[in-house]
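Here's an informal walk through one protein model with its ligand. Have the sequence and the 3D view open while you read.

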Amino acid sequence: MKYKELGKSSVKIPAIGQGGMGIGGYLSKDSHQDDNQVKALRLGFELGMTFIDTAEVYGNGHSEELVGRAIEGIRDKVFIASKVSPEHLFYDDLLLSAEKSLRKLKTDYIDLYQVHWPNPKVPIDETMRAMEQLVRNGKVRYVGMSNFSLRQFKAAQAVLSENEIVSVQVEYNLFDRNIENSILPYCESESIITIAYSPLDQGQIAGDYKKTKALEMIANRYNRTVAQVALNWLISHPSVIAIPKATNPIHIRDNASAADFELSDEDFEEISRVFTQKYIYAPTDRIRVIVGNRQVYQTVDEALENKLSFVPSPLDLAQDIRKDEILKPIKVTQSTDESGKYDYDLIEGRIRYWAWVIAHQGKKTIPVYVCEEQKVNA
Ligand SMILES: NC(=O)c1ccc[n+]([C@@H]2O[C@H](COP(=O)([O-])OP(=O)(O)OC[C@H]3O[C@@H](n4cnc5c(N)ncnc54)[C@H](OP(=O)(O)O)[C@@H]3O)[C@@H](O)[C@H]2O)c1
């Protein structure tokens, strides 16, 4: 395993950790596979992936419970990163969330406590005051952010008086390299760890796509798998660690040894060249809003009303979008609609889509990644 320094601290964390979303369920609890999932986490720890990322929202708390089981007897060997949800960012709520997470994790301290998503409704200084209180009490060792834009990240750092933010967790994989335009260079220059989430694009990288064929050729030269090459490419960036989620023992072993080789400069460049998908701009009314079986608003009025109580609401997010342009592009595929009304089907970013429509009264084209095949995310 390769290690990286956590921010400006002297703590070293593995370059490949483990993702905890889907361990114990996604948005609701799933306890069908508890024993297997605890076993999977423990195998990962034994193989050196001792960084585990979880969140209070994963499996509605069950992910943290399973992590708590997996670390029994080896707490000091494992670096636990958890996250507080955007609806709990007021001072008292945040402290309460941390207590609940500590209980579920069966530990006295969380190594890295991250704000999962920004919430424009809550003043950032209130959130960060609670974070500093947790650090003062020894309940949290380090503070991190997730899904923050560079502007939001700097604003959060500016209100901290006793701590520095050590990490930012963002989506980063060969199919989504958006962070290279802003937050990644900042992290590299400020020695802040970039935690790459969905590093395998939710398993798509290892799928059978045109572009992964190129990766396969490189992987063969190293006698490695496509997933290993994709992870290695990510962690070749000095500030980046990757947190693939895996429950299949073959995948776990594969990921654990993804840091054990060096890509040549030529191969690193070749991969960077092949995966240069840039986002494009599409008219919002040419995008069909259907996101699998997830609940989604169909009209701007529904989005404004926010009956489903999304936090942040599309309206709140619209205010942020006006300041930042957009946090990250939404994802679409070519539309399967035969009426000719739509060019694209939305597959990821149902709140961001409506927030963009609201922010610009439907008059401005939206940045989209056009994905090769259908997959459905939150
Ligand atoms: N901060 C945020 O908002 C946020 C958002 C998304 C994710 N995350 C974090 O990032 C973690 C990872 O992201 P993710 O779960 O979205 O996606 P991911 O890690 O990119 O992909 C997970 C999928 O890839 C498969 N896989 C894992 N290793 C593989 C390998 N070596 N070869 C082939 N397939 C492999 C897994 O299968 P098996 O499970 O069957 O092994 C699983 O289906 C999450 O668990 C979570 O901790 C954070």
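Leaving out neighbours within four places in sequence, Glu126 is in contact (heavy atoms within 4.5 Å) with Leu89, Phe90 and Tyr91. Glu126 sits in helix H4, residues 124-136; helices here are DSSP runs of H or I with at least four residues, strands are runs of E with at least two, and both are numbered from the N terminus. Glu126 and Asp92 are 34 residues apart in sequence, yet their C-alpha atoms are 9.5 Å apart in space.

A word on ground rules: this is a predicted model, where local features need pLDDT of at least 70, side-chain atom pairs count only at pLDDT 80 or more, and totals for chains, interfaces and linings use all residues. Residues are numbered from 1 along each chain as its sequence is written, and side-chain values use heavy atoms, with hydrogens and water left out.

**Two more glutamates**

Glu164 is in the loop between helix H5 (150-158) and strand S8 (165-171). Is Glu164 buried or exposed? Neither quite fits: Glu164 counts as partly exposed because its relative accessibility is 46%, where buried means under 20% relative accessible area, exposed means over 50%, and partly exposed is in between (1.4 Å probe, protein chains only). Once residues within four places in sequence are set aside, Glu164 is in contact with Lys8, Val143 and Gln157. With Lys8 there is also a polar contact of 3.2 Å between the side chains. A polar contact is a pair of N or O atoms within 3.5 Å; within protein, one must be able to donate a hydrogen and the other to accept it, and residues adjacent in sequence count only if both atoms are side-chain atoms. Glu164 and Thr50 are 114 residues apart in sequence and 23 Å apart in space, C-alpha to C-alpha.

Glu338 lies in the loop between strand S13 (330-334) and strand S14 (344-348). Glu338 counts as exposed, because its relative accessibility is 80%. From Glu338 to Arg136 there are 202 residues in sequence and 59 Å in space, C-alpha to C-alpha.

**A buried lysine**

Lys83 belongs to strand S5, residues 79-84. Lys83 counts as buried because its relative accessibility is 0%. The Lys83 side chain reaches the backbone oxygen of Thr54 at 3.2 Å. Not counting residues up to four places away in sequence, Lys83 touches a list of residues including Asp53, Glu56, Tyr113, His116 and Gln169.

**The cores**

Tyr113 turns up again in the largest nonpolar core, which has 77 residues; Tyr113, Met145, Phe153, Leu215 and Ile271 have the most contacts inside it. Such a core is a set of buried Ala, Val, Leu, Ile, Met, Phe, Trp, Tyr and Cys residues joined through side-chain atoms within 4.5 Å. Which helix gives the most to this core? That's helix H8 (residues 226-235), with 8 residues. Ile271 touches Leu174, Leu215, Ile218, Val229, Trp233 and Leu263, not counting residues up to four places away in sequence. A second, separate core has 24 residues, among them Val289, Tyr344, Val357 and Val368.

**Around the ligand**

There are 29 residues around the ligand (a heavy atom within 4 Å of it), and Asp53, Ser198, Leu200, Lys245 and His251 come nearest. Helix H9 (residues 249-256) gives the largest share of this shell, 3 residues. These are polar pairs between ligand and protein:

| Ligand atom | Protein partner | Distance |
|---|---|---|
| Oxygen | Asp201, polar backbone atom | 3.3 Å |
| Oxygen | Asn248, polar backbone atom | 3.1 Å |
| Nitrogen | Asn255, side-chain N or O atom | 2.8 Å |

The protein covers 87% of the 910 Å² of accessible area that the ligand has on its own, by the Shrake-Rupley method with a 1.4 Å probe.

**Backbone oddities**

The peptide bond from Val311 to Pro312 is cis, with omega near -5°, and Pro312 is in the loop between helix H11 (300-305) and helix H12 (314-324). Asn306 is in the loop between H11 and H12 as well, and its phi is near 50°, a positive value in a residue other than glycine. Asn306 counts as buried because its relative accessibility is 13%. Gln202 also has a positive phi, near 55°, and is found in the loop between strand S9 (193-197) and helix H7 (210-222). Gln202 is partly exposed, with a relative accessible area of 40%.
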